Amino acid sequence: MDKNTRNQALGLVKKLLSFDLVVSLSFMKNIMYKTKILTEKLEATELNIIDALMLIDYSISSLNEMNSDNTEMNNLVSSAITFSEQLGIDPVSDFNRHHRKRLLPKKIDQNPDTQCSIDLPTFYRVEFKKVLNTLIVLLNEHLKKSLVTFEPMITLFKMPWKQICLTENVKKVIELFPPGCQDFKMNDYDGVIAELKVLDHQCNVKKLDSLTKIFRLSEDCKTCLPTANKLCRLVLTAPVSTASNERAFSKLKIVKNYLRSTMGADRLQHLMLLYSNKDVLDCLDLRSSVKAWSLLKERRIQI
């Protein structure tokens, strides 16, 4: 090991064995536990827009409680101090070395000794509150924008499902369809209200209490209630996320390795499509697929 590499390694070890890193990781772990339900539900298959907005609202309330609870933050810093001491780190000396009190010169302040000093728990409590305030403001901004957009849908499909079929609500929900599709130009609001009332009656008969069950019922009745089925599909449309793109990049590393360096774009696309839909591919009967392919035309070789 040369001198530069050794110095870089020692500097990295010094940063890893610092109280600042330990308390920051402990704080981020606590936040991740608070938002764990939100992240799991947002990646669920049966996610709908209304439930997603409710989960964001719950996460904001949870972060606000954490932000206002000074006792919990002090306990978090205390647990980080205990864990640091087990690693052989002196939290007080580490904090004083990086955050020592800097006195102003006497030409600016005639009594520099009266300057206030911030202790270790207070300093990290202030830093934690800055992070939490930023997260809460960002989530609130997204939630307010979403609530303004989807307010008619929330009013129309709020659970428990008590049908409020006002023409204005139905009109605003229909306006949420993409402008290029035929459903966006729909103006038979009385027909839509009639279909929703029929669907509501069927839900009351079968005592359905979730949007997923209502959607399955609308799928069974989509021949006679097509517009109600489309509205249910619109509600169960999940917001766009980058999770699928990130998974695709992870699969790309597996499919295109160094042994397949000369693979073309078409073959790579086909292999990625197969690997991304592995759950469907595993259920595929290869014998029946080969037999169907062999019967497409007459062949010289018997397959």
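Me: Why is E127 called partly exposed?
Reply: In this predicted model, E127 has a relative accessibility of 31%, and because the partly exposed class lies between the 20% limit for buried and the 50% limit for exposed, E127 counts as partly exposed.

Me: What makes E127 and K130 a salt bridge?
Reply: Their side chains meet at 3.7 Å, N to O, and since a salt bridge asks for a Lys or Arg side-chain nitrogen within 4 Å of a carboxyl oxygen of Asp or Glu, the pair qualifies. Both residues lie in helix α7, three residues apart, which is about one turn of the helix, and K130 is partly exposed, with a relative accessible area of 48%.

Me: How do you know that E72 and K34 tie together parts that are apart in sequence?
Reply: The side chains of E72 and K34 meet in a salt bridge at 4.0 Å, N to O. E72 belongs to helix α5 and K34 to helix α2 (residues 19-34), so the pair ties together parts that are 38 residues apart in sequence.

Me: Why is D282 called exposed, and what is K278 called?
Reply: D282 has a relative accessible area of 54%, and because exposed means over 50%, D282 is exposed. K278, with a relative accessible area of 43%, is partly exposed. The side chains of K278 and D282 meet in a salt bridge at 3.4 Å, N to O, and the two are four residues apart in helix α14 (residues 278-282), about one helical turn.

Me: How do you know that C221 is in no disulfide?
Reply: The nearest cysteine sulfur, that of C224, is 4.9 Å away from that of C221, and because a disulfide needs two cysteine sulfur atoms within 2.5 Å, the pair does not count; by this rule the protein has zero disulfides.

Me: Why is C221 called buried, and what is C224 called?
Reply: C221 has a relative accessibility of 17%, and because buried means under 20%, C221 counts as buried, whereas C224, at 54% relative accessibility, counts as exposed.

Me: Which residues have the most contacts inside the largest nonpolar core?
Reply: That core has 24 residues, and those with the most contacts inside it include V170, V192 and L231. Among the elements giving two or more residues to this core are α7 (120-157) and α9 (189-206). Leaving aside neighbours within four places in sequence, V192 is in contact with V170, I174, M186, T227 and L231.

How values were computed:
Residues numbered from 1 in each chain as written. Predicted model: local features only at pLDDT ≥ 70, side-chain atom pairs only at ≥ 80, totals over all residues. Heavy atoms only, no water. Core = buried A, V, L, I, M, F, W, Y, C linked by side-chain atoms within 4.5 Å. Buried < 20%, exposed > 50% of the residue type's maximum accessible area, 1.4 Å probe, protein only. Contact = heavy atoms within 4.5 Å.
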